[in-house]
Structures are given as C-alpha cells and as structure tokens.
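Thanks for making the time this morning. I would like to walk through one model with you, beginning with a pair of helices and then turning to a sheet.

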Amino acid sequence: MAPVTLPVTLPVSAVPHDCSAHKHVKDASAKTKADASVVLDDGVTLTTYPEDSSPLGLTWGAAAPEVRGPVVCSRYHDGLAKHNAIGAHSGPYCVYHALAVGSKQLDPNHVADYTNSQPAFSIPEQKAWYTETDIVAMDPLGHLTPFIFDETAKAENVQIRPSISVTKASLQLFELKDAVANNRMKVDGKIVLNRNGDVAVSKVAVEPVWYLPGVAQRFGITENELRKALFQDTNGMYPELITRPDIKVFLPPVGGLTVYIFGDPAYVSDPTKKVALRVHDECNGSDVFGSDICTCRPYLMFGIEEAVREAQNGGSGVVIYFRKEGRALGEVTKYLVYNARKRGGDTADEYFHRTECIAGVRDMRFQQLMPDILKWLGITKIDRMLSMSNMKHDAIVEQGIPIIERVPIPDELVPPDSRVEIDAKINAGYFTTGKVMTEAELKAVQGRTWNDVV
Ligand SMILES: [Zn+2]
C-alpha cells in the first residue's frame, strides 16, 4: 500500500487576525440520535443513584479527625457502597491505575502496606485544618489518613488512601553550584551542604481533594453551578456530580503540587521567623529543558536561591510547584500559541491576544484555590514574595495572608527572547519595580523569529 502523505506546507499568515470575528457554531449536533443500548459486562455496578449506598461519615471542617472522618474514594472491598467522595485517587494517574487493573497486572483488592511510609517530619497541626472554608482544595488530613483511620479501614473493609506524603531530599542544581562558586551562597553544612551546592530540602506532595461547596464559594458560584460545569464540560465523565448531591467531596483528575521547604520546616508556621515564598506554575519546556522563550526556569532558580538565602539568614524559604502546565492550558495549546506568535511577528503587544485567539482566555490557572497550601502549612504572613503575578498576590491577600515585600526577577536573569512575555505581563498588571511600557512601546518589543535560529 502506498504511504499516505500529509501536506507539509500549510498556509501561514503573517497578519494578526481578529479572533472576535470568528463565527461560533451553536449546537451543530442537535438532532443526531445515538444508539442508546449499552451492554454492561457482568459485575459492573453503577453507583449513580444513592439506593443501596451508605457513604461513611465525612464532615468537612469538623473540629477533630475522628469527627471529620476519612475520605474514602475507592470502589474496592466494600468501597462501592461506602465511598464518600466522587472520582478516584492519584489525580490524572488514576487512569494508569485503571490500565494496570484492566491489563491484569494489578490486583484491585491489593491492600497497601504503609509500614515506614509515614511523614519524614511533622507538619504542625493548624486551626485551618478544622474549618469548612479555609482549606477546600486538599484534604488537610491527607498525610495522616491511612495511619489515624487504620482501624476504620479494617472495620469497614474499605481502602483509605493518603493524598499527601511528606519526605526529605537533597537537590543538585547547576544554578546553585554556580551560586556557591561565585560566592553568592555560602556553604553552612546544614542547608547548603558542600561546595558542589547540594541543598537539603523537606518536601510535601499533595493531590487535589475538592470540597465542592467550598470550591464553589471561592469562585463565587453555587455548588450546583460548579457540579453542572464539571459534569458537562468533561462530557459526563462523573455522573455522580449530578446524581449524588449527598456526596460533597470530589477528587478531580488534575495535577497536584509539591512543596519544597528550605531550612527548619517548623519555622514556616512560626510568626517570629521570616518566610520567603515562590509559588511556581509548571512550565516543563523551560523548567526542565531550558527553553528560553519565557522566564520560568530563571525565576524558579532565583526563587530557590532566595529561599535558601532566607533559611540561611535564620528564617525559612518555601517554593511551591503547581502542575498547571502552560497556564493550565497544557503543552499542546501552548505550542500552538508559540507558532502563532512566531509567525505573527511576536511582539509584546500581541502576546496575550495570541493565547486568547486559540484558548479563548489568556490564563486558566485561576489562583483562588492556591492559598490552601499556605494555610495548611500555617503560613500567616509572607515576608518576601518571589513572584510578580498580580493574580497570585491578590489570591493570597484575599485569603487573609499579608505580603510584606514583592521581589521581581532581576533583569539580568531574563533571557532576551522572553522579553516579549515579561514586558506584556508587566503591562497587564504584573508587579515591577522598573518601567511599565505603554502599548506603543510594547509593539517594539519583539522576540526572535524562527529564521534567526533555524
Ligand atoms: Zn515558561
């Protein structure tokens, strides 16, 4: 058979176009009738309706763990009738779990042995763990769940899984090695371990667990509006969002976050100690692979260096890494935007418009849920905020955590090709101690074209 040849040259326009002129087709599939007959295999039970279901008690915000109760979100053993949360554990990795079970490589009734997996350091208990509104996007007991509810799991014959884990590590990063070599950072043997710039760190991994009434409140919508949007916009992936209003907790299939703490973790919640904080949203292309189109890795490394410095000065440094790739639009959309930028002249005045044309919005990260982790850690004020984002700043302050100083990325760390991004963001409201360009000046800020490098 002759190979299929795809067209390699597609029409390219150098003229920026007005996406508002696009006609949006409404309800194109209106009258198409699908075959409604569905054959389910033996042993498949739908949990869509509450008959024959008695979820284990879960009272979000209750004053003590035994009153609050565990999040049970596994169908195995007796979980089908007793689960009290919609969705599945492990965020997006729940699909791989299903593949492992489906391909018969994993016994779905495997009982986890959590021996020695308990937190490597303790997180001081906070009042915020026991309120209904302070923490709504993670389970504040998620690191303790399998240990404090072990007896419940056995008695009820259900799986109770952790959604948070707490460990320690050391980091080896080129930028920190360079900081030591150039005397920007000193070796102290405790935080900066040696001349190689190895740094000791305490880490916390967190999977999302949403208390739906609280999440709705943060976005200023009703719980019903939230449930309907989650159900419809995922093409009906979670029917229980609609049919089980008695179940208030949802484990969404989205990425979580990782906390990196430099210095004594106990200092983070000590109001007498200074805290430097960077909240960083994932940018794999820059963070890991060093793409120079944005300031992500330079700002992340600057944030780590400043966090280490704060810890060495007697305070603590915290870097929180959220899995919200490409402003939570994902890499596929991000690269499409890159193409549109590079083919359209790539000037700073068009920077956000390019994203809006393709995605409909300029940013899907919505920082409203981000401050939960700060409250969980017991952070009551931020002495140095290593971020220029106005959205992050406003979200934190609105949740009652004051920010004393904002620290922009130093100009010398901004790669030349990422001036387009940073100048556009500053013009749109990002914090700066420098100049805010006018619209006319933004037209003159131009990125490298593909012709310059290829
Ligand atoms: Zn980036």
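**Two helices and a mixed sheet**

Helices H6 and H11 lie oblique to each other, and since this is a predicted model, please take what follows as a description of computed coordinates. The reasoning behind that word is short: the axes of H6, residues 174–181, and H11, residues 296–312, come within 10 Å and cross at roughly 50°, and because angles under 35 degrees count as roughly parallel and those from 65 to 115 as roughly perpendicular, an angle between those ranges is called oblique. The crossing of H6 and H11 is right-handed. On the H6 side the contact is made by Glu-175, Leu-176 and Ala-179, while H11 contributes Met-301, Ile-304 and Glu-305. Sorted by character, the residues of this contact comprise four nonpolar and two charged, with no polar ones.

Let me move on to the sheet. Seven strands form an open sheet, and if you follow the order across it you read S2-S3-S6-S8-S7-S9-S10, with mixed pairing. The edges are strand S2, residues 164–171, and strand S10, each of which pairs on one side only. From one strand to the next, the twist averages 25°.

Within that order, I would like to step through three neighbouring pairs. Strand S7, residues 275–281, pairs with strand S8, residues 316–322, in the parallel sense over seven bridges, and here Asp-281 has Phe-322 of S8 as its bridge partner. On its other side, S7 pairs with strand S9, residues 382–385, also in the parallel sense, but over two bridges, with Ala-276 standing opposite Arg-384 in S9. S9 in turn runs parallel to S10, residues 403–406, and three bridges join them.

Which residue of S10 stands opposite Arg-384? The partner there is Glu-405, so that Arg-384 faces Ala-276 in one pairing and Glu-405 in the other.

That leaves the connection between the last two strands. S9, helix H16, which covers residues 390–398, and S10 together make a right-handed β-α-β unit. H16 packs on the sheet, where it touches S7, S9 and S10, and its direction makes about 165° with that of S10. Given that angles over 145 degrees count as roughly antiparallel, H16 can therefore be described as roughly antiparallel to S10.

How values were computed:
Residues are numbered from 1 along each chain as its sequence is written. This is a predicted model: local features need pLDDT of at least 70, side-chain atom pairs count only at pLDDT 80 or more; totals for chains, interfaces and linings use all residues. Axes are lines fitted to C-alpha atoms, for helices over the stretch in contact, and angles run from 0 to 180 degrees between N-to-C directions. Helices (H or I, at least four residues) and strands (E, at least two) are DSSP runs, numbered from the N terminus. A crossing is left-handed if the near helix is turned anticlockwise from the far one by less than a right angle, and right-handed if clockwise. Two residues are in contact if their C-beta atoms, placed from the backbone, lie within 7 Å. Ala, Val, Leu, Ile, Met, Phe, Trp, Tyr, Cys and Pro count as nonpolar, Asp, Glu, Lys and Arg as charged, and the others, Gly among them, as polar. Two strands pair if DSSP finds at least two bridges between them. A crossover is right-handed if, with the strands pointing away from the viewer, the path from the first strand over the helix to the second runs clockwise.
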